[in-house]
Amino acid sequence: MRALLLALLAAPVGAIAAPATPVSVDGVSEAIASAGEDVGKLAALADRWTAENDGESARLAWRRIVEIDSYHAGARAGLRHHLYEGRWYETYAALSRARRDEARRRLEEDGVVPFGDEWVKPEDLPFRRMGWERLDDGAWAPPGTREARAEVERKVSLGWEQQHRTWISPDEFDRWRAGLWKVGDEWLDADAANEAHAEIGAWWEVPGEHFVALTTVTEERSRWVVWWADRTHDELVRLFGLEPREAPELVVLNSIAQYNDFAAGSAAASRVPADSMGWSSIHYAFFTDGWIDRTGSAPAFRGTGAAYYAANDPALEPFGQHAVRHAAAIAWLAAVDPSWDTVSRMLTEPAAGFPDASYWDEKRIPRWMQYGAASYCERYFEDATVGEDGDPLWSRKWALDNLRGGGPLPPVKEILTLDFDTADPPASARRIHLAGLLVHFAADGGDPDVTEAFDAFRAALVAGEDTADSVAALEAELVDAQSKIARFAGL
C-alpha cells in the first residue's frame, strides 16, 4: 500500500500512471477496481476513507479519478494539487517554480510582473500594492486625491482663499482682514494661534515657493523657516538636475525637547517614533524613517527631513537656518528619489522595523551623497543674500574650518560607507559633513576626472537610467582624488 502511494505521488502531473501491479490492502484496491470508471463511486469511496481518517486510501481513490478526469476539481483538492494557468501542480514547490518561470518569461517578453491575478508594469507595482489611484495625467497618487483636488477646484470657483494651508470662505474674510487666524473652527489672535500651533501634529502648515514647512515655531518665525528652506532648491537642482512633482514637506520643531519628543514618539499621544534608527541624536536634523501616518484611508510613509529651530535660545538660534537647510535637503531628496518598492512593502507587509538596507539599496542617489548634499545645503552653500560688504562664502569657510578642527581627512573609502554611531554623535556628525565635502569637491572642485564622472552620474539620473555604474565610477574617482580633496579642504 505505501509503496503504491509513493509511486503515485512521484509521478509527474499529466503523466499519472496506474500501478503496474495492483496491491490489495484491506480491500482498497478491489474497491477501487470495482468502481471502474464511475467517478461518483470513486469519489464516494474517497469521502468514506477520508471520514475514516484513512488518508492513504482516499488519495488512491482521488488518483484514480484524476486518471479518468484530469481536471476533476474535487479530486485535485483531495490530493492538494494547485491549479495555475490551466495546469495542475502536485506540490507547492512545483507551482512556485512554474510561477517564477512564467514571471521571468512575461517580464522578458512583455515587460510585466505578476500582481495577484493580473500582470502589471514593474514601475506600477508599488502603487498597485499600496492601493493608489492613477490620475488623468498618468501620475499615481494616494486614494482620495482625485476627490480632494475636485474639492479644491470647487472652493476656488466659489472664491475661497487659503490662509497658509487653511481654506477660508468669502463670508469669513472680514475676520481674516482683522488679523485673526483660523484654527479648526475658531478664529484666534496671533498669540493664541501660536499657542495652538506649538504642539506636534497641530503645527503651522506654511507653504513657500518650493517647500511646505510643518512647524511649531511662531507664525512670524515660520515664514523665515520656509524662506530658508526655499533657498536650498536651486542648489539641489544644480547638483542633481531634478525637481520634485510637488513641494516637499519638512518638519521644524521649536526646541530640542520637542525635537527629541517627535523623534522618540509618545504612547500617550498615540504617536510612533519618527526616528527608528536613532540618528536624530547625532545632529540637529534627521530623516523621519519611522513616520507612518495611519489616519487616512491607507497608511502613508512620511519620510522627510525634520529639524529643530530653538529661536528662544541665544546659543542655538544662529544654527536654526543651517538645521532648516539640512532638513529641507533631506525632504527634497526623499521626494525625487523615493524608494517606492521598499516603501510599498513596508506599508503592506508585516515588518519588524524600518527596512534600512533595502530602502537605501533602492536609491538612485546613494546614501553618502544624499547626506552629503544635505550637508552641502546646510553649510557649503554660497549666500546670495549678503550685502555688498558681506562674504557669500562665510558659511563654506566656517564648514571647512570646522572640519580642520577635527583632524586630517580620513580615507575617502571610509567616508563613503557613512557609518554612524549614536554613542559618538560628534564623530557621526563629522562623517555627514565629510560626505558634504565630497559633494562640494564633486560639484565645485574643478577636478576634470571627478567632474566628468559627476556629470555622467547626473546625466544618467536625469535620463531615468540605472545609476549603479556611474555611481561606482564617481566613487572610484573620488577615492583616487584623496590627496586633491585634502588640499582642496586644507586638511
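# Crossings and cavities

Visitor: Which hand does the crossing of H17 and H19 have?
Guide: The crossing of H17 and H19 is left-handed. Keep in mind that this is a predicted model.

Visitor: Why is H17 called oblique to H19?
Guide: Start with the geometry: the axes of helix H17 (residues 394-404) and helix H19 (residues 425-444) cross at roughly 130° and come within 11 Å. An angle over 145 degrees would count as roughly antiparallel, and 65 to 115 as roughly perpendicular. Roughly 130° fits neither label, so H17 is oblique to H19.

Visitor: What makes the contact there?
Guide: H17 brings Arg 396, Leu 400, Asn 402 and Leu 403, while H19 brings Arg 430, His 433, Leu 434, Leu 437, His 440 and Asp 444. Sorted by class, the contact of H17 with H19 has four nonpolar, three polar and three charged residues.

Visitor: How do you know how H3 and H4 run relative to each other?
Guide: The axes of helix H3 (residues 39-51) and helix H4 (residues 55-68) cross at roughly 160° and come within 8 Å. The cut-off for roughly antiparallel is over 145 degrees, and therefore H3 and H4 get that label. As for hand, H3 passes H4 in a left-handed crossing.

Visitor: Which residues of H3 and H4 make the contact?
Guide: On H3 they are Val 39, Leu 42, Ala 43, Ala 46, Asp 47, Trp 49 and Thr 50. On H4 they are Ser 57, Ala 58, Ala 61, Trp 62, Arg 64, Ile 65 and Ile 68. That contact has ten nonpolar, two polar and two charged residues. Asp 47 and Arg 64 sit on the charged list, while Thr 50 and Ser 57 fall among the polar ones.

Visitor: On to empty space. How many cavities of 30 Å³ or more are there?
Guide: The count comes to three. The largest cavity has a volume of about 100 Å³, and the second largest cavity holds about 50 Å³.

Visitor: What lines the largest cavity?
Guide: Its lining is Phe 287, His 326, Ile 330, Leu 333, Ala 334, Tyr 359, Trp 360, Lys 363, Gln 370, Tyr 371 and Ala 374. Helix H13 (320-336), helix H15 (356-361) and helix H16 (367-379) each give two or more residues to that lining. H13 has the largest share, with four.

Visitor: How do you know the class of Lys 363 in that lining?
Guide: Lys counts as charged, and the lining of the largest cavity divides into eight nonpolar, two polar and one charged. Lys 363 is that charged residue.

Visitor: And what lines the second largest cavity?
Guide: Trp 279, Ile 282, His 283, Ala 285, Phe 286, Phe 287, His 326, Ile 330, Tyr 371 and Ile 432 do. Strand E14 (285-287) and H13 give two or more residues to that lining, and E14 gives the most, with three. By class there are eight nonpolar, two polar and no charged residues. The polar ones are His 283 and His 326, because His is on neither the nonpolar nor the charged list.

Technical notes: Residues are numbered from 1 along each chain as its sequence is written. This is a predicted model: local features need pLDDT of at least 70, side-chain atom pairs count only at pLDDT 80 or more; totals for chains, interfaces and linings use all residues. Side-chain values use heavy atoms; hydrogens and water are left out. Axes are lines fitted to C-alpha atoms, for helices over the stretch in contact, and angles run from 0 to 180 degrees between N-to-C directions. Angles under 35 degrees count as roughly parallel, over 145 as roughly antiparallel, 65 to 115 as roughly perpendicular and the rest as oblique. A crossing is left-handed if the near helix is turned anticlockwise from the far one by less than a right angle, and right-handed if clockwise. Contact means heavy atoms within 4.5 Å. On a 1 Å grid over the protein atoms alone, a cavity is a set of points where a 1.4 Å probe fits but cannot get out, and a pocket is an open set with protein on both sides within 12 Å along at least five of seven lines; lining residues have an atom within 4 Å of a point. Grid points are joined across faces, edges and corners, and a volume is the space filled by probe spheres set on the points.
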